[in-house]
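Q: Could you take me through the biggest pocket in this model, up close? I'd like to know what lines the pocket, and then how the rest of the chain is put together.

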Amino acid sequence: MTEGLRERKKRQTRQRISDTAIGLFVARGFDNVTIAEVAVAAEVSVNTVYNYFEAKEDLVLPPEEASPQRLADIVRRRAPGQSAAGAVLARLREEVRERERRVGLTAGFGRFLEMVRAAPTLTARLEDLGHRMTEALAVVLAEESGAAPHDPLPRVVAWHIGSLHALTLSEIGRRTAAGERPDAIAEAVLELLDVVESLLGVRVLAYAVREG
């Protein structure tokens, strides 16, 4: 479907606001920049900023990119014959190989990461996001496996998958902070995912395989 003029202008405005805000946050610190200053720099009104972003934190971690449904959505869309853990591992490998922004393998991510880590509200949001991802995944696994209401297995498997996802992002962050280049980080993280997969065990790796 072709994007209309109105939709394109809205998308461009949203992107300009986001890029402007992140530039200011990285330069001066998240807590040292107001929404009013973002609006002035982006040449829009404060109301316009809030029309696109409900909270200041959304300028850094937009809900469509930092979604609590991320892991659940990956599992919902897995291919026939693929398990829940297999689907998440495959997606992570793809994102790492493609050096995607979602996993932080882009130029300039180091300064962005420093800014996020220096802002308590952003680090708290990331921690909460990780918990919500795991909880949402547990719900999907319970539904698809037909588990009994008090069966702990879907939650345990979701915890393992959530942990491997968190470990991947943590490793990328650690290596980025150490000054490693994206290509070197990607190579190391792909090796890490191989190790993780070898240690998960059959029960996790074979859980919730989608029927053909």
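**A look at the largest pocket**

A: Let's start with the space itself: the largest pocket holds about 1200 Å³. Keep in mind as you look around that this is a predicted model.

Who lines the pocket? The lining counts 42 residues, and the ones nearest the centre are Leu-61, Arg-102, Phe-109, Leu-126 and Leu-169. Five helices each give two or more residues to that lining: α1 (5-28), α4 (70-76), α6 (109-117), α7 (120-145) and α8 (153-177). The largest share comes from α8, with 11 residues. Sorted by class, the lining has 22 nonpolar residues, 12 polar ones and 8 charged ones.

One of the residues nearest the pocket centre, Phe-109, is also worth a look for its ring. The structure holds 2 aromatic pairs. In one of them, the ring centres of Phe-109 and Phe-112 are 5.8 Å apart with the planes at 35 degrees, so this pair counts as tilted. Edge-to-face would need over 60 degrees, and stacked would need under 30. Both partners sit in helix α6, 3 residues apart, which is about one turn of the helix. Phe-109 and Phe-112 are both buried, too.

The other pair is Phe-25 with Phe-30, and here the geometry is edge-to-face: 4.9 Å from centre to centre, with 65 degrees between the planes. Phe-25 and Phe-30 are both buried as well.

Now pick out α1, one of the helices that help line the pocket. Thr-20 is found in this helix. Is Thr-20 buried or exposed? Its relative accessible area is 17%, so Thr-20 counts as buried, given that the cut-off for buried is under 20%. If you skip its neighbours within four places in sequence, Thr-20 is in contact with Val-38, Ala-41 and Ala-42.

Next, move over to α8, the helix with the largest share of the lining. Pro-154 is found there. With a relative accessible area of 2%, Pro-154 is buried. What does Pro-154 touch, once residues up to four places away in sequence are set aside? The list runs to Ala-138, Leu-141, Ala-142, Ser-145, Ala-147 and Tyr-207. As for Arg-91, it is 63 residues from Pro-154 along the chain, and their C-alpha atoms are separated by 20 Å.

Finally, zoom out to the chain as a whole. The secondary structure comes to 10 helices and 0 strands, so from the N terminus on you read α-α-α-α-α-α-α-α-α-α. Along its principal axes, the C-alpha trace spans about 55 × 40 × 35 Å. Of the 212 residues in the chain, 40% count as buried, and Thr-20 and Pro-154 are among the buried residues. The accessible surface of the chain comes to about 12100 Å², and carbon and sulfur atoms account for 52% of that. Then there's the matter of who meets whom: among contacts between residues at least 6 apart in sequence, 72% join residues at least 24 apart.

To pull the pocket back into view: about 1200 Å³ of space, a lining of 42 residues, and 11 of them from α8.

Methods. Residues numbered from 1 in each chain as written. Predicted model: local features only at pLDDT ≥ 70, side-chain atom pairs only at ≥ 80, totals over all residues. Heavy atoms only, no water. 1 Å grid on protein atoms, 1.4 Å probe; cavity = no way out; pocket = protein on both sides within 12 Å on 5 of 7 lines; lining within 4 Å. Points joined across faces, edges and corners; volume = space filled by probe spheres on them. Helix = DSSP H or I, 4+ residues; strand = E, 2+ residues; numbered from the N terminus. Nonpolar A, V, L, I, M, F, W, Y, C, P; charged D, E, K, R; others polar. Buried < 20%, exposed > 50% of the residue type's maximum accessible area, 1.4 Å probe, protein only. Contact = heavy atoms within 4.5 Å. Areas by Shrake-Rupley, 256 points an atom, 1.4 Å probe, with all protein chains shown as cover. Phe/Tyr/Trp six-rings, centres within 6.5 Å; stacked < 30°, edge-to-face > 60°.
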